[in-house]
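Work through the exercises below with the model open beside you. Try each task before reading its solution.

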Amino acid sequence: MSLRIVVCVKYVPDATGDRHFAEDLTLDRDDVDGLLSELDEYAVEQALQIAEECRRGDDEAEITVLTVGPEDAKDALRKALSMGADKAVHVEDDDLHGTDALGTSLVLARAVEKTGYDLVICGMASTDGTMGVLPAILAERLGVPQVTLLSEVSVEDGTVKGRRDGDTATEHLEAALPAVVSVTDQSGEARYPSFKGIMAAKKKPVTSWDLSDLDIEAEEVGLESAWTKVDGAEERPARTAGTIVKDEGEGGKQLAAFLAGQKFI
Amino acid sequence: MAEVLVYVDHVDGAVRKPTLELLTLARRIGEPVAVALGAGAADTAATAAEYGAVRVLTADAPEFADYLVVPKVDALQAAYQAVNPAAVLFPSSAEGKEIAARLAVRIGSGIITDAVDLEQGAEGPVATQSVFAAAYTTKSRITKGTPVITVKPNSAAPEAAPAAGAAEALEVSFSEQATGTKVVSRAARESTGRPDLTEAAIVVSGGRGVGGAENFPVVEALADSLGAAVGASRAAVDAGWYPHTNQVGQTGKTVSPQLYIAAGISGAIQHRAGMQTSKTIVAVNKDAEAPIFDLVDYGVVGDLFEVVPQLTEEVKTRKG
Ligand SMILES: Cc1cc2nc3c(=O)[nH]c(=O)nc-3n(C[C@H](O)[C@H](O)[C@H](O)COP(=O)(O)OP(=O)(O)OC[C@H]3O[C@@H](n4cnc5c(N)ncnc54)[C@H](O)[C@@H]3O)c2cc1C
Ligand SMILES: Nc1ncnc2c1ncn2[C@@H]1O[C@H](COP(=O)(O)O)[C@@H](O)[C@H]1O
């Protein structure tokens with residue numbers, strides 16, 4: 001049996017760059033560098049570990065990385081391939097500009113189905129939109145179990161198991177494949193691509209699909225048909241400069257005086 | 001007046017504070033109808049009514065505890081069909097967001113997550129969101145279907161507004177997907193006796209500068225003198241010095257307290273994303289160039305092991 005893993009990765013603007021809005025109130029991608037979302041590196045890492053475990057047991061495993069995004073999003077796929085994924089799918093179409101979570105999930109669901117899968121692995125949230133809902137939506141659309149927000153994950157005999165650390169409790173979860181998983185940044189440090197990996201990635205296949213390849217009409221996605229609309233965006237006013245003192249033995253007391261002045265004590 | 005569904009987050013019948021905030025915000029849009037599920041659901045009715053619920057729909061079945069998320073989606077869908085609401089609101093917890101998202105797909109509606117404010121606009125509810133690590137504030141609305149919105153904790157002060165709400169049984173039939181993901185075991189998190197991080201009025205956080213798990217009591221002592229919650233940067237959490245549940249930032253909790261005190265934290269963008277909207281910000285850091293000082297109302301450049309214990313003593317003295 002061969003385990004087919006699809007990892008959903010997003011190409012995002014660098015969070016340490018100066019992110020802002022374009023005139024149509026979508027994310028302006030022109031002035032800021034993009035990269036593979038750091039939180040999706042954890043998904044790639046877990047896919048690699050699951051595949052390695054599988055191969056140790058003399059089974060086969062194949063990892064496809066999938067992204068929906070503009071031309072440059074290929075960079076994110078290359079990075080995932082150089083980490084060790086086997087092949088990539090890039091869904092790219094001008095009509096996708098401005099698509100929101102529900103639209104993106106439709107495209108991802110169709111692309112995952114077309115690729116063929118036993119296990120879909122996502123990151124916990126994208127670092128730009130930070131909604132963290134796509135994996136659940138994907139499971140809903142695909143009609144398979146969601147095993148999400150895992151800080152530990154393993155696959156054995158057609159079952160995926162994982163640990164979910166919630167606000168009030170830690171849960172151990174289990175579901176039969178096929179399933180959609182998402183992993184958190186607690187799941188284990190992602191590996192760096194090796195030189196060999198980077199060279200090998202150049203030869204790995206990247207398939208490009210557009211909306212018609214997925215039987216999706218332009219009207220089902222894009223900014224015009226989004227389910228949500230941003231009416232305004234304002235830069236948060238810079239915080240007014242505060243008082244900064246150097247501790248010369250009385251720093252704690254000075255701070256206490258400030259807090260008392262603000263009625264915190 | 002139109003009815004608004006409000007998902008009640010509770011632990012064995014004890015309603016968590018973000019739900020009270022949600023009921024308060026819901027009243028700006030319509031009459032809140034609370035939906036409470038699982039063990040103790042009916043016990044939430046009195047509190048929900050006190051904060052304005054005109055009805056409280058409750059359901060309890062083993063499925064809610066034994067399987068992940070989907071049974072609750074089935075219940076919310078049943079409530080949606082029974083009430084035909086003007087909007088559906090959830091607390092922005094991990095589970096709240098996932099239920100909301102799946103419900104949105106099922107009922108063909110748009111979804112907005114992590115709103116920090118909500119008001120009624122000409123074309124339905126308008127949500128305020130804080131984006132790009134809180135560098136921008138946006139106003140958005142849902143243009144298709146019934147608005148489904150999740151709201152962050154600390155977005156409003158809970159205001160009581162007693163209403164009639166009494167527990168009514170909600171009829172739920174579970175979908176085929178409901179039993180897809182089994183919860184094999186569940187261990188409740190032990191309470192530290194300190195206020196909940198996302199609900200606290202004051203948060204004291206420690207970072208890499210704290211230098212080790214054995215030094216975190218310095219941060220805890222200050223927190224306890226102020227009645228505050230304890231937070232940590234990811235560097236401190238990754239080093240194993242403090243539990244991940246206390247992490248503040250992009251992949252941890254978002255906090256928006258009256259007072260945030262950062263000790264030995266540099267103020268990386270991902271950390272700021274989780275605390276930037278705090279009302280008053282204070283930092284202790286020995287590096288005068290640390291970016292956290294760009295945010296502060298009051299900053300002390302110095303060694304936290306000198307400054308923090310002195311502050312703790314002074315707080316205790318002043319409080320007598
Ligand atoms: C995808 C992603 C998500 C992330 N999510 C989060 C998140 O949720 N939360 C988060 O916090 N980070 C997050 N990070 C990590 C973030 O980028 C920083 O690495 C992290 O916040 C640094 O923590 P720190 O400030 O404690 O450590 P450092 O940056 O190392 O800063 C330590 C500070 O302590 C000071 N110091 C040292 N000793 C003393 C002393 N004795 N007295 C006073 N000051 C002292 C130093 O001057 C320094 O400024 C994320 C990163 C990524 C890529
Ligand atoms: N455009 C995209 N292409 C591929 N995967 C995506 C895309 N958007 C989101 N995802 C996946 O869904 C996860 C959660 O995203 P979100 O709900 O947008 O925060 C991410 O970590 C990715 O794994």
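**Exercise 1. An unusual phi angle**

Task: Find where A:Lys263 sits in chain A, then state what sign its phi has.

Solution. Start with the location. A:Lys263 lies in the segment that follows helix 6 (251-261) of chain A. Keep in mind that this is a predicted model. Now read the backbone angle. The phi of A:Lys263 is positive, about 70 degrees, although this residue is not a glycine. Compare that with the general rule. Most residues other than glycine have a negative phi.

**Exercise 2. A peptide bond to check**

Task: Is the bond between A:Leu177 and A:Pro178 cis or trans? Place A:Pro178 among the strands of chain A.

Solution. Look at omega first. For the bond joining A:Leu177 and A:Pro178, omega is about -5 degrees, and the bond is cis. Recall the usual case: most peptide bonds are trans. Then locate the residue. A:Pro178 belongs to the loop between strand 9 (169-176) and strand 10 (179-183) of chain A.

**Exercise 3. The surroundings of ligand 2**

Task: Describe the shell around ligand 2: which residues come nearest, and which elements supply at least two residues each?

Solution. Step one is the list of neighbours. There are 19 residues around ligand 2, and the nearest are A:Cys8, A:Asp40, A:Val68, A:Ser126 and A:Gly132.

Step two sorts them by character. Eleven residues of the shell are nonpolar, six are polar and two are charged.

Step three asks where they come from. In chain A, strand 4 (60-68), helix 3 (101-115), strand 6 (119-123) and helix 4 (134-142) each give at least two residues. Strand 4 of chain A has the largest share, with three residues.

Step four looks at polar contacts. An oxygen atom of ligand 2 is 2.6 Å from a backbone N or O atom of A:Cys8. A polar backbone atom of A:Val68 lies 2.8 Å from a nitrogen atom of ligand 2. For A:Val9, a polar backbone atom is 3.3 Å from a nitrogen atom of the ligand.

Step five is coverage. On its own, ligand 2 has 480 Å² of accessible area, and the protein covers 96% of it.

**Exercise 4. The site of ligand 1**

Task: Why is the site of ligand 1 said to be shared between chains? Find how much of ligand 1 the protein buries.

Solution. Check the chain letters first. The site is shared because residues from chains A and B surround ligand 1. Of the 27 residues around it, those that come nearest are B:Arg208, B:Ser233, B:Ser266, B:Gln270 and B:Asn285.

Next, take the contacts to oxygen atoms of ligand 1. An N or O atom in the side chain of B:Ser266 is 2.6 Å from one. A polar side-chain atom of B:Asn285 lies 2.7 Å from one. With B:Gly252 the polar atom is a backbone atom, and the distance is 3.4 Å.

Finish with area. Alone, ligand 1 exposes 990 Å², of which the protein buries 83%.

**Exercise 5. Two domains in chain B**

Task: Describe how domain 1 and domain 2 of chain B meet.

Solution. Set the bounds. The assignment for chain B gives domain 1 (3-179) and domain 2 (202-319). Their C-alpha centres are 32 Å apart. Six residues of domain 1 contact six residues of domain 2. Together the two domains of chain B bury about 450 Å² between them, 56% of it on carbon and sulfur atoms. On the domain 1 side, B:Ala133, B:Ala134 and B:Asn154 lose the most area, together 73% of what that side buries.

Methods. Residues are numbered from 1 along each chain as its sequence is written. Chains are lettered from A and ligands numbered from 1 in the order in which they are written. This is a predicted model: local features need pLDDT of at least 70, side-chain atom pairs count only at pLDDT 80 or more; totals for chains, interfaces and linings use all residues. Side-chain values use heavy atoms; hydrogens and water are left out. A residue is near a molecule or strand if one of its heavy atoms lies within 4 Å of it. A polar contact is a pair of N or O atoms within 3.5 Å; within protein, one must be able to donate a hydrogen and the other to accept it, and residues adjacent in sequence count only if both atoms are side-chain atoms. Accessible areas come from the Shrake-Rupley method with a 1.4 Å probe; for residues, only the protein chains shown count as cover. Helices (H or I, at least four residues) and strands (E, at least two) are DSSP runs, numbered from the N terminus. Ala, Val, Leu, Ile, Met, Phe, Trp, Tyr, Cys and Pro count as nonpolar, Asp, Glu, Lys and Arg as charged, and the others, Gly among them, as polar. Domain bounds come from an automatic or database domain assignment. Contact means heavy atoms within 4.5 Å. Buried area is the accessible area (1.4 Å probe) that two parts lose on being put together, summed over both.
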